[in-house]
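Colleague: Could you take me through the ligand site in close detail? I would like to know what surrounds the ligand and how it is held in contact.

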Amino acid sequence: MARISAPELLHKKEKGEKIAMITAYDHAMARLADAAGVDMVLVGDSLGMVIQGGSDTLRVRVSDVCYHGRCVAPALERAHLTLDLPFMSYQVSAAQALRSAGRLVQRGMAQSVKLEGGVRSASAIRAIVEAGIPVVGHVGLTPQSVHAMGGFKVQGRDAATAARILDDAVAVEQAGAFCVVLEMVPSELAAEITRKLQIPTIGIGAGASCDGQVLVCNDLLGLDARFKPRFVKRYAELESVITGAMAEYVSDVKGGQFPGTEHGY
Ligand code: KIV
């Protein structure tokens, strides 16, 4: 089965088909996401938090994303693979952005790359698209700007910032991106942007009107029970399932119930 292409994802909007996107960072999770029918798998720079244990995404490097891309890509039979351009891998110049995007394709096995920012990132998006690499934009809450934004907060609550986010989304489309992530913006603003753009919008904390949705796999699976922001729907509570199973294993080993004769040679 062929993997879904960027043009196919773009056309889902005119066909009225929603796009389901999920993050994955390793082969096992990517295989399950693909089997579940996910359209797009994202190796997000969220790996800085959920894999590396950081408090933000700022220390992730292009080589980290490439490594996880190479773990994920061979597991995908159908889903499209997008890799994130990490902090300071594209902000310096369009030439730097193109070089980094090229590495994500050649060494990370990306089919497309994602980068944050609208108006300020338009020249980078244009350079990457002109080189034949499909781009996913990302506006609203842009986690790589966490210090400028004063935390991971909803963006666009007042008229001035809402207008700026709309301008950003339009700039992303005009620069040639084939879809755009809208993160943590009011549902009404996301609906307006979705109506205005020809390219699909993929929401995270942006309401139901977006053309698609994305969630971090660890969040939707409940791998960390302590983390439950409003925008996450938990489809499983795997923290308790996994710790329960591991505790049973520990008890079996210590009590001599594992391994049994059936596990030996
Ligand atoms: O890094 C990431 O996982 C992301 C998604 C949450 C959109 O950017």
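Modeller: Happy to; here is the ligand site, followed by a few notes on the rest of the chain. This is a predicted model, in which local features need pLDDT of at least 70 and side-chain atom pairs count only at pLDDT 80 or more, while totals for chains, interfaces and linings use all residues. Residues are numbered from 1 along each chain as its sequence is written, and side-chain values use heavy atoms, with hydrogens and water left out.

Around the ligand you will find T23, L42, G44, D45, S46, D84, K114, H138, I204 and V214, each with a heavy atom within 4 Å of the ligand. By class, three of these residues are nonpolar, four are polar and three are charged; here Ala, Val, Leu, Ile, Met, Phe, Trp, Tyr, Cys and Pro count as nonpolar, Asp, Glu, Lys and Arg as charged, and the others, Gly among them, as polar.

Now for the polar contacts, meaning pairs of N or O atoms within 3.5 Å. A polar side-chain atom of S46 is 2.5 Å from a ligand oxygen. For K114, a side-chain N or O atom lies 2.9 Å from an oxygen atom of the ligand. D84 also places a polar side-chain atom 3.2 Å from a ligand oxygen. On its own the ligand has 260 Å² of accessible area, and the protein covers 95% of that (Shrake-Rupley method, 1.4 Å probe).

Away from the ligand, two backbone details deserve a look. M109, in the loop between α5 (94-106) and β4 (112-114), has a positive phi near 65° although M109 is not a glycine. F258 and P259 are joined by a cis peptide bond with omega of about 0°, and P259 sits in the segment after α11 (238-255). Helices here are DSSP runs (H or I, at least four residues), as are strands (E, at least two), numbered from the N terminus. For context, most residues other than glycine have a negative phi, and most peptide bonds are trans.

How values were computed: A polar contact is a pair of N or O atoms within 3.5 Å; within protein, one must be able to donate a hydrogen and the other to accept it, and residues adjacent in sequence count only if both atoms are side-chain atoms.
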